[in-house]
Amino acid sequence: MDLHQLYVFTKVVEHKSFSKAAEDIFLSQSTVSSHIQALEKTLNVQLFDRVGRESILTPHGERLYQWALKLLLLKDQALMDLKQGMTELRGMIRVAASSVPGQFLLPKMVKRFREDYENAMFHISQSSSKNVVEKVLNGSVEVGVLGEKYESDKLHYIPLLKEKLVLISANERNITEPVKIQEILKFPFIMRNTDSGTNAILERVLKKHKISKDKLNTIAYTDSSQSLIQFVIQDIGISIISEIAAREYASQNRLKMYEIPGFDEERYFYLTYNIHKTQSILAKLFIEKAAELL
């Protein structure tokens with residue numbers, strides 16, 4: 001068996017798509033198809049069933065996938081053993097991140113990791129915390145970085161950084177301090193989507209203070225923390241966001257930041273990975289060093 005064909009095979013499995021796999025590893029779709037066909041011919045088995053737009057593993061394909069992960073890991077270990085220094089390690093680490101850690105934590109983590117492993121490449125996708133977890137579970141990424149835990153016996157979480165949420169407003173808007181939780185109900189409010197970690201914590205705090213989320217004067221929902229901040233800067237509404245994100249803009253005098261007495265629920269940002277997925281050497285090193293990179 002050709003190891004490159006096995007590598008291509010694992011990408012098709014993880015993406016459930018020949019076209020998405022081709023995009024991920026910078027090959028044409030026809031090249032990916034020819035690699036899979038050659039592998040099926042060599043083994044004399046069918047590896048995929050084509051169901052609609054998805055490519056679903058056959059039982060033979062499922063068994064080969066587990067072997068392929070082990071063989072590719074063994075290859076990485078052999079190369080590492082043969083090289084003088086671990087800085088020679090090459091490869092791609094695929095990371096899914098929710099909005100705030102993707103913007104404020106990952107750049108620092110990547111920079112520090114590449115100081116030791118300069119040939120490491122990163123493919124980073126940004127989405128809601130819930131989608132991050134789904135990508136880790138389905139194997140389309142090795143690592144997730146997010147601000148909310150979603151319990152699963154397949155996931156292991158590593159705490160990275162503790163923080164809290166704060167209120168933000170435009171510079172033109174005057175809010176009397178100390179800000180009471182009940183007072184935010186009278187202002188137009190910009191809300192993150194329901195799959196975000198920030199929104200999950202906000203709902204818990206409101207519930208703790210017996211305030212229904214429906215009582216908020218919500219005028220807009222957004223998937224992006226950057227978009228949300230721009231809404232606030234333009235004085236379209238106020239919002240409650242990560243202190244890490246807010247402090248960056250408040251220090252530049254682009255908005256005002258307030259702490260809310262009683263709104264003291266702290267949260268962690270986590271790195272998570274699937275304990276049932278065989279990780280590459282580089283991904284393992286990134287996971288092991290993650291907490292030291294901040």
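Biologist: Which residues make the nonpolar surface patch of about 420 Å²?

Modeller: Glad you asked; this is a predicted model, so local features need pLDDT of at least 70, side-chain atom pairs count only at pLDDT 80 or more, and totals for chains, interfaces and linings use all residues. Residues are numbered from 1 along each chain as its sequence is written, and side-chain values use heavy atoms, leaving out hydrogens and water. Patch residues have over 30% relative accessible area (Shrake-Rupley, 1.4 Å probe, only the protein chains shown as cover) and no salt bridge (Lys or Arg side-chain nitrogen within 4 Å of an Asp or Glu carboxyl oxygen); like charges are joined within 9 Å, nonpolar side chains (Val, Leu, Ile, Met, Phe, Trp, Tyr) within 5 Å. The patch is made by M1, L3, W67 and L71.

Biologist: Buried or exposed: which is W67?

Modeller: W67 is found in helix α4, residues 59–82 (helices are DSSP H or I runs of at least four residues, strands E runs of at least two, numbered from the N terminus). Buried means under 20% relative accessible area, exposed over 50%, partly exposed in between. With 56%, W67 is exposed.

Biologist: Which strands stand at the edges of the open sheet of 5 strands?

Modeller: The order is β4-β3-β5-β12-β6, with mixed pairing (at least two DSSP bridges between two strands). Each edge strand has a single partner, so one of its sides lacks a neighbour in the sheet. Those strands are β4 (120–126) and β6 (155–163).

Biologist: What is the relative accessible area of R94?

Modeller: R94 has its place in strand β3, which pairs with β4 in the parallel sense over 7 bridges. R94 is buried, at 3%.

Notes. Buried means under 20% relative accessible area, exposed over 50%, partly exposed in between (1.4 Å probe, protein chains only).
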